[in-house]
Amino acid sequence: MEISSVRSSQSLLFKNSQNNTRSSKTEDLGIDAGAAVSAIFKVEDIGVEGPDFAAMSPSELRSHARHSYDNGGIDQDTFAAISEPLPMHAIDAQGNVIDLTGITDGTLFNFRDYYENQLQIAMSIGDSDSVKTLKSIVNFLNV
């Protein structure tokens, strides 16, 4: 019994076959240089923007904070402060009372301004623990 390579036997069959000699010629192949090339898939170069914390629902904010906490972007205290529900009423930096009773999980709210105002108030009264936490929240919202 004779053992021969499968590769060599296939190439011998291919070379010796009359039917295959015509298909092995490359003279018929050519590249049409005048053919128009169309873009099938195009990625637009747009700037990557983060979430808009000036118009976001509380549930969306908690989701972004959770993702950032899981990735190590914020610490546990910052995540806990962001996850707390909003109070019924708050005071802005000018001393005006803000009614927050209408803010639900689906309502859009300007968290950036809210936390910046709360930071200014905490700094003005000298509450160092709140200042530390609110600074980290404002940094998270401004990234």
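This briefing covers the fold, the nonpolar core, helix α6 and the aromatic pairs of one protein chain. The model is predicted. The chain holds 6 helices and 2 strands. Its largest nonpolar core has 22 residues, and α6 supplies the largest share of that core.

**Fold and surface**

- Along the sequence, the elements run α-α-α-α-β-β-α-α.
- The protein chain has 143 residues, of which 20% count as buried.
- Take the contacts between residues at least 6 apart in sequence: 52% of them join residues at least 24 apart.
- About 11,100 Å² of the protein chain is exposed. Carbon and sulfur atoms account for 52% of that area.

**Nonpolar core**

- In soluble globular proteins, nonpolar side chains tend to be buried together.
- Within the 22-residue core, the residues with the most contacts are Leu 61, Ile 82, Phe 111, Tyr 115, Ile 137, Phe 140 and Leu 141.
- Four elements each give two or more residues to this core: α3 (58-70), α4 (76-83), α5 (111-125) and α6 (128-142).
- The largest share, 6 residues, comes from α6.
- Beyond its neighbours within four places in sequence, Leu 141 is in contact with Phe 53, Leu 61, Phe 111, Arg 112 and Tyr 115.

**Helix α6**

- Helix α6 has 15 residues. From first C-alpha to last it reaches 21 Å, close to the 21 Å expected at 1.5 Å a residue.
- Its buried residues include Val 131, Leu 134, Ile 137, Val 138, Phe 140 and Leu 141.
- The cover over the buried residues of α6 includes α3, α4 and α5.

**Aromatic pairs**

- The structure holds 6 aromatic pairs.
- Tyr 69 and Phe 79 form a stacked pair, with 5.1 Å centre to centre and 10 degrees between the planes.
- Tyr 69 sits in helix α3 and Phe 79 in helix α4, so this pair ties together parts that are 10 residues apart in sequence.
- Tyr 69 is partly exposed, at 28% relative accessible area. Phe 79 has 15% relative accessibility, so it counts as buried, the cut-off being under 20%.
- Tyr 114 and Tyr 115 form an edge-to-face pair: 5.0 Å centre to centre, 75 degrees between the planes. Both tyrosines are buried.
- Ring pairs join Phe 109, Phe 111, Tyr 114 and Tyr 115 into a cluster. Among the members of this cluster, Phe 111 and Tyr 115 are also listed with the most contacts inside the core.

Key
Residues are numbered from 1 along each chain as its sequence is written. This is a predicted model: local features need pLDDT of at least 70, side-chain atom pairs count only at pLDDT 80 or more; totals for chains, interfaces and linings use all residues. Side-chain values use heavy atoms; hydrogens and water are left out. A nonpolar core is a set of buried Ala, Val, Leu, Ile, Met, Phe, Trp, Tyr and Cys residues joined through side-chain atoms within 4.5 Å. Buried means under 20% relative accessible area, exposed over 50%, partly exposed in between (1.4 Å probe, protein chains only). Contact means heavy atoms within 4.5 Å. Rings of Phe, Tyr and Trp (its six-membered ring) pair if their centres lie within 6.5 Å; planes under 30 degrees apart count as stacked, over 60 as edge-to-face and the rest as tilted. The expected span of a helix is 1.5 Å times one less than its number of residues. Accessible areas come from the Shrake-Rupley method with a 1.4 Å probe; for residues, only the protein chains shown count as cover.
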